[in-house]
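Q: I am new to this structure and would be grateful for a close look at a single part of it. Please describe one strand together with its surroundings.

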Amino acid sequence: MNEAPSRGYRELRAGRPTRLLIWLFALFVVVLAWAAPLQRLQVERREAIDAAVRQNENRAIMLEQYVTRTLEAANIATLHIAEQYRLDAAGLRQGSARRPATIRGPIASNPSFIGVSIADERGDLIASTLGARVAGANVRRHAGFTVHERADSGRLFVSVPASSRTFRREVIWLTRRLNNDDGSFAGVGAINIPPEQLIGFRDGVSVRATDIISVIGLDGITRARSTGGL
């Protein structure tokens, strides 16, 4: 009488491991179905980060090369001005604070420069591409002048952006010391550029709204900065 129920009970107990395996397998399939997309998302995220890092590195290299070329052009220009001044070419020494000489030639027509000037040892602008527009101007208190008055580094100085009444905008001064034949201080040769000239490489380059492009000097002060497409 009890044999059938006992057999059914044994069969029920015997089937439990099988059902457990089925449930475990089903759970594994569900976990796998969730894990695969998550893993793929992680891979895509790493690939996106790596691509962004490579893109930023390439842009940093482009910016460095562009800034280097811009400063090299200014450096060559100031060396040329210094030589012209030393040889008294084109009457540059004949200019005065009241009647500045006009600087002409390839340097003056360079579209990268908005101004080229010479200041004497007192800081008076005695020659400029702007001619009479700078009559009476004095830059003795400007960092681009005082740094060369103190010592002869033999290097180009890059100022921080500063408001200019002459240009009615912020400009950067790129200056070089001028010396007399005996090595004494004779003034400075100066190139003026707009701050955005240092980041002009971005023209034609895709810039996202969250991108920030900056040129920062060794003194920690920003010379030029652009945020997004601005």
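Strand 6 and its partners

A: In this predicted model, strand 6 is joined to strand 7 by 8 bridges, and the two run antiparallel. Helices (H or I, at least four residues) and strands (E, at least two) are DSSP runs, numbered from the N terminus, and two strands pair if DSSP finds at least two bridges between them. Residues are numbered from 1 along each chain as its sequence is written. Local features need pLDDT of at least 70 and side-chain atom pairs pLDDT 80 or more, while totals for chains, interfaces and linings use all residues, and side-chain values use heavy atoms, without hydrogens and water.

Within the pairing with strand 7, Arg 176 has Gly 189 as its bridge partner. The hairpin of these strands has 5 residues between them, and Gly 183 there takes a positive phi near 90°.

Strand 5 (residues 162–164) also pairs with strand 6 in the antiparallel sense, over 3 bridges; Ser 164 is matched with Arg 169 of strand 6. Their hairpin has 4 residues between the strands, with Arg 168 at a positive phi near 55°. Strand 4 (residues 157–158) is antiparallel to strand 6 as well, through 2 bridges, and Val 158 stands opposite Leu 174.

Of the 11 residues of strand 6, 8 are buried (under 20% relative accessible area, 1.4 Å probe, protein chains only), so the strand is largely enclosed by the rest of the structure. Ile 191 touches Ile 172, Trp 173 and Leu 174, among others, where contact means heavy atoms within 4.5 Å.

Definitions and conventions: Buried means under 20% relative accessible area, exposed over 50%, partly exposed in between (1.4 Å probe, protein chains only). Lists of a residue's contacts leave out its neighbours within four places in sequence.
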